[in-house]
Amino acid sequence: MLVDSHCHLDFPDFEGEHEDLIARAHGAGVGLMVTICTHIRKFQQVLALAEAHDPVFCSVGTHPHNAGAEDGIPASEIIELSQHRKVVAIGEAGLDYFYDKSPRDAQQRGLRTHIAAARETGLPLVIHSRDADDDMIAVLREEMANGAFPALLHCFSSGEELAKVGVELGLYVSFSGILTFKRSEELRAIARDLPADRLLLETDAPYLAPQPRRGKRNEPAYTAMTAAVLADVRGVSLEEMTQQTTDNFFRLFSKVPKDALPRAA
Ligand SMILES: [Zn+2]
Ligand SMILES: [Zn+2]
């Protein structure tokens, strides 16, 4: 079965619908999902979803949009919250120079704090990067040299150089519905050429629904649509793509027990 490695189930879009969402995901061959924290101050809501539903795991961290508001939260606090058995990743953190909703220096401090937490815990860092390729490359190179940490570039939509450097530094690369959009030729070329053992899939739901649902609300079940496009781009069967990305998920998100994956519907 597939895994949706990045969604936001705590967003109001899904209020009161979690059981149905999970059932629809299961029906579409998506067995597990990781709901991603965007405000440490709202972490308890995210964790409550993971506690309530077996196939849901979660992360802890501050989205770059909120880096200003949560500036100064120490790595030690993130590390402590990550001790819960259902917390399997750090983030999402990173740099978003497209929206610039937080000062860039706060975004960079936040990113480095989350890197420290990932390095210490061994949990993968979920990296958000938009219009910030040069600074992201510089931070990743510098921080990796200070001590390796597991990480992925989530909802990858950056340039080829960041993908190349990421892979060189040991990172994984996760593709969302953007991969399926008509104008994403360049992105599909990047996805075609990456090593098979670094690929992940996600929805980033409720955002970025794949074709043909573009513009509508996204949900974990639609991971299957992006999986089909990725399989096509790489010239492999959907079964092979599913197996590969799920194996990659368990290698990177090593805290998720292998028996958490349900059998296919
Ligand atoms: Zn993101
Ligand atoms: Zn996200």
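What spacing do the donors of the zinc ion (ligand 2) follow along the chain? In this predicted model, the donors follow the pattern H-x1-H-x83-E-x111-D.

## The zinc site

The zinc ion (ligand 2) is held by two histidines and two acidic residues: His-6 and His-8 each coordinate through NE2, Glu-92 through OE and Asp-204 through OD, at distances of 2.0 to 2.5 Å. The angles subtended by these four donor atoms run from 86 to 173 degrees, and the arrangement is therefore irregular. A tetrahedral assignment would require all angles to lie between 85 and 135 degrees, and the upper end of the range, 173 degrees, falls outside that window.

Glu-92 also serves a second metal, since this residue bridges the zinc ion (ligand 2) and the zinc ion (ligand 1), with 3.4 Å between the two ions.

## Histidines and a serine around the site

Both histidine donors are shielded in the protein chain: His-6 has a relative accessible area of 1% and His-8 one of 2%, and because buried means under 20%, both count as buried. His-6 is in turn contacted by His-154, whose side chain makes a polar contact of 3.2 Å with the side chain of His-6. His-154 belongs to the loop that runs between strand E6 (151–153) and helix H6 (160–168), and with a relative accessible area of 4% this residue is likewise buried.

Ser-176 is found in another loop, the one between strand E7 (172–175) and H7, and is buried at 1% relative accessibility. Although Ser-176 and His-6 are separated by 170 residues in sequence, their C-alpha atoms are 8.8 Å apart in space.

## The largest pocket

The largest pocket encloses about 750 Å³ of space. Its lining comprises 28 residues, and those nearest the centre are Arg-130, Cys-155, Ser-157, Ile-178 and Leu-208. By class, the lining is made up of 13 polar, nine nonpolar and six charged residues.

Several secondary-structure elements contribute to this lining, among them strand E4 (87–96), strand E5 (125–130) and helix H7 (185–193), each of which supplies at least two residues. Helix H7 is also the element that follows the loop holding Ser-176, while the residue range of strand E4, 87–96, takes in the position of the bridging residue Glu-92.

Note on methods
Residues are numbered from 1 along each chain as its sequence is written. Chains are lettered from A and ligands numbered from 1 in the order in which they are written. This is a predicted model: local features need pLDDT of at least 70, side-chain atom pairs count only at pLDDT 80 or more; totals for chains, interfaces and linings use all residues. Side-chain values use heavy atoms; hydrogens and water are left out. Donors are N, O and S atoms within 2.8 Å of the metal (3.2 Å for Na, K and Ca); water is not among the atoms, so sites may look incomplete. Four donors count as tetrahedral if all angles lie between 85 and 135 degrees; four count as square planar and six as octahedral if opposite donors are over 155 degrees apart and all others between 65 and 115; anything else is irregular. Buried means under 20% relative accessible area, exposed over 50%, partly exposed in between (1.4 Å probe, protein chains only). On a 1 Å grid over the protein atoms alone, a cavity is a set of points where a 1.4 Å probe fits but cannot get out, and a pocket is an open set with protein on both sides within 12 Å along at least five of seven lines; lining residues have an atom within 4 Å of a point. Grid points are joined across faces, edges and corners, and a volume is the space filled by probe spheres set on the points. Helices (H or I, at least four residues) and strands (E, at least two) are DSSP runs, numbered from the N terminus. Ala, Val, Leu, Ile, Met, Phe, Trp, Tyr, Cys and Pro count as nonpolar, Asp, Glu, Lys and Arg as charged, and the others, Gly among them, as polar. A polar contact is a pair of N or O atoms within 3.5 Å; within protein, one must be able to donate a hydrogen and the other to accept it, and residues adjacent in sequence count only if both atoms are side-chain atoms.
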